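Open your viewer, get comfortable with the selection tool, and follow along stop by stop.

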Amino acid sequence: MLKQIVCTIAVAVTLFSCSQKSQQMADDAFLHLIPKPVQAERLQGYFNVSGRIAINVADGNAQTLQVADMLIQTVKPVAQATLTTGTAAGFTSGILFVTVTDSTLGNEGYILHVTDSLITIKAQRPAGFFYAVQTIRQLLPPEQYNNTSHKSWLIAACSIKDYPLYALRGSMLDVSRHFFGVEDVKKYIDHLAAYKMNVFHMHLSDDQGWRIEIKKWPKLTEVGGSTQVGGGNGGFYTQEAYKDIVQYAAARFITVIPEIDMPGHTNAALASYPELNCNPKDSLPKLYTGTEVGFSSLCTTNEKVYGFIDDVIAELAAITPGPYIHIGGDESLVTPKEEYIKFMNRVQPIVTKYGKQVIGWDEIANAVLQPGTIAQHWADTLNPVKAIAQGAKVIMSPAKRVYLDMQYDSTTKLGLHWASYIEVEHSYSWNPATLVKGVEQKNIAGLVAPLWTETIVTRSDIEYMLFPRLLSYAEIGWSPVANRNWEEYKVRLAHHGLYLKAQGINFYQSKQVQWK
Ligand code: TNX
């Protein structure tokens, strides 16, 4: 008898402390969202994620149904959710997706209202629902990623209204210096999506490797794709593999921006086809596996080169549903300046002819920019001003703040430091709209953080350079400047470390942050 009573008390105490712990986790989760929402208010109570949950997507939109399905998969360890469509009237318990008209939300904003019985998500467009679901994932406890022993999860009751500051938010992966397969690329895309980024820029060609199949010019990949920095086997994406990546990204509301770098950074192409060189009778340049930059150039005075570019852009445009094609244009140190300008003036219309908007690294501002061309600022602070003077918008990728290949400090083993060391605070504490004189918020299309891969070989290397700085860039791109403050951010980041750990992500445990 006594034993029974003791046992009952013990179970009761365990249950109580268990639920207290769950409540504490839900309270914490609400306080530590990244990127920080525009408005967030805590309400009383908790939504219990367990048992059976009804999910209703009122308008039955196909993309929104896919988003709802992602939520169903997320809660699977603790709850069985079933999906219905049709009228939301009388729906008082479960999860409700409602399409609304509210221009303050734009295409990507959402309203998330959580009570103890009902989660209501409102958005104008499917992307808004997707971002609400990313917020819900952060409101759930970290063990969603690695533990199925819990019987239920709690979400703190709250009211959130949220939408992005900049239209384009994302990251670039250099798949030329080292090649990364489709699975690694999809993982990269997952990371961007989790932090509400919507652009994945693929640096598909450089001196060390050509990575996208072009059917009319097969040697680009057969020869030009056969190696990489350090002399490994390289690799390339077939057009089918690329389409698979594009589709995977699109399901996560991410636009792929493919880049073919030209006229410089083209050794892999030059080594594949004699006619791209100015002296085709000379022996072909050798494949290059080093890390120097600025030594190669397509022959800009050779007509055949423009036919080649037309073929490449035609095939790339046909498999790229997004509105942009990036034509590089950086560090063409051996192309005479006048030739560079003529070249860029000639290549831009090839891109627009195939219905795409041009993006180029900031040097492109020295040419005559076509309407719609965007300059991506990385180093020279006069170039973005020249672009703006021509009516162009700028993507901000300043090397000294957002290059993910920059080392954290002098002890970092991976990466480079030519632009700066970038510790976590340095990655966070700046404002794209005040960094460069003459570049204001209205001139900025967005923020893209590049990961160059001269020294990056494995998925674990990628994670170490991305995390936690990617989160800084996600927040800078999304959250209002007035909501951002390093002292407060580093507390949120410390807590968020639990989520990174639960996912097994190899992240840099900066001493600037008191990790939980
Ligand atoms: C500069 S940024 C480059 C790349 C290098 C990178 C290394 C830019 C447009 N060009 O070719 O990989 O630095 O940090």
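Which ligand atom lies 3.2 Å from a polar side-chain atom of E331? Select E331 together with the ligand, and you will find that the partner is a nitrogen atom of the ligand. Before going on, please keep in mind that this is a predicted model.

**Stop 1: the ligand and its surroundings**

Stay with the ligand and select W418 next. One of the polar side-chain atoms of W418 sits 2.7 Å from a ligand oxygen atom. Now add E454, where a polar side-chain atom is 2.6 Å from an oxygen atom of the ligand. Try showing the surface here: on its own the ligand would expose 360 Å², and the protein buries 97% of that.

Widen the selection to the full shell, which holds 14 residues. The closest of them are R177, Y403, D405, W418 and E454. If you colour the shell by class, you should get eight nonpolar residues, one polar residue and five charged residues.

**Stop 2: a bridge between two helices**

Leave the ligand now and turn to the salt bridges, of which the whole structure has 20. Select E303 and R346, whose side chains form one of them, with 2.8 Å from N to O. What does this pair tie together? E303 belongs to helix α8 (residues 303-318) and R346 to helix α9 (residues 337-353), so the bridge joins parts that are 43 residues apart in sequence. With the surface on, compare the two ends: E303 is exposed, at a relative accessible area of 52%, while R346 is partly exposed, at 37%.

**Stop 3: along helix α9**

Keep helix α9 in view and pick K342 and E339. Their side chains meet in a salt bridge at 3.5 Å, N to O. The two residues are three apart in the helix, which means that about one helical turn separates K342 from E339. Is each partner buried or exposed? K342 is exposed, with a relative accessible area of 53%. E339, by contrast, is buried at 19%, because the limit for that label is under 20%.

**Stop 4: a pair and a network**

Move to K215 and E213, where another salt bridge links the side chains at 3.6 Å, N to O. K215 has 54% relative accessibility and counts as exposed.

For the last selection, take K36, E475, E488 and R492 at once. What links these four residues? They are joined in a network of salt bridges.

Methods: Residues numbered from 1 in each chain as written. Predicted model: local features only at pLDDT ≥ 70, side-chain atom pairs only at ≥ 80, totals over all residues. Heavy atoms only, no water. Near = heavy atom within 4 Å. Polar contact = N/O pair within 3.5 Å; in protein donor to acceptor, adjacent residues only side chain to side chain. Areas by Shrake-Rupley, 256 points an atom, 1.4 Å probe, with all protein chains shown as cover. Nonpolar A, V, L, I, M, F, W, Y, C, P; charged D, E, K, R; others polar. Buried < 20%, exposed > 50% of the residue type's maximum accessible area, 1.4 Å probe, protein only. Helix = DSSP H or I, 4+ residues; strand = E, 2+ residues; numbered from the N terminus.
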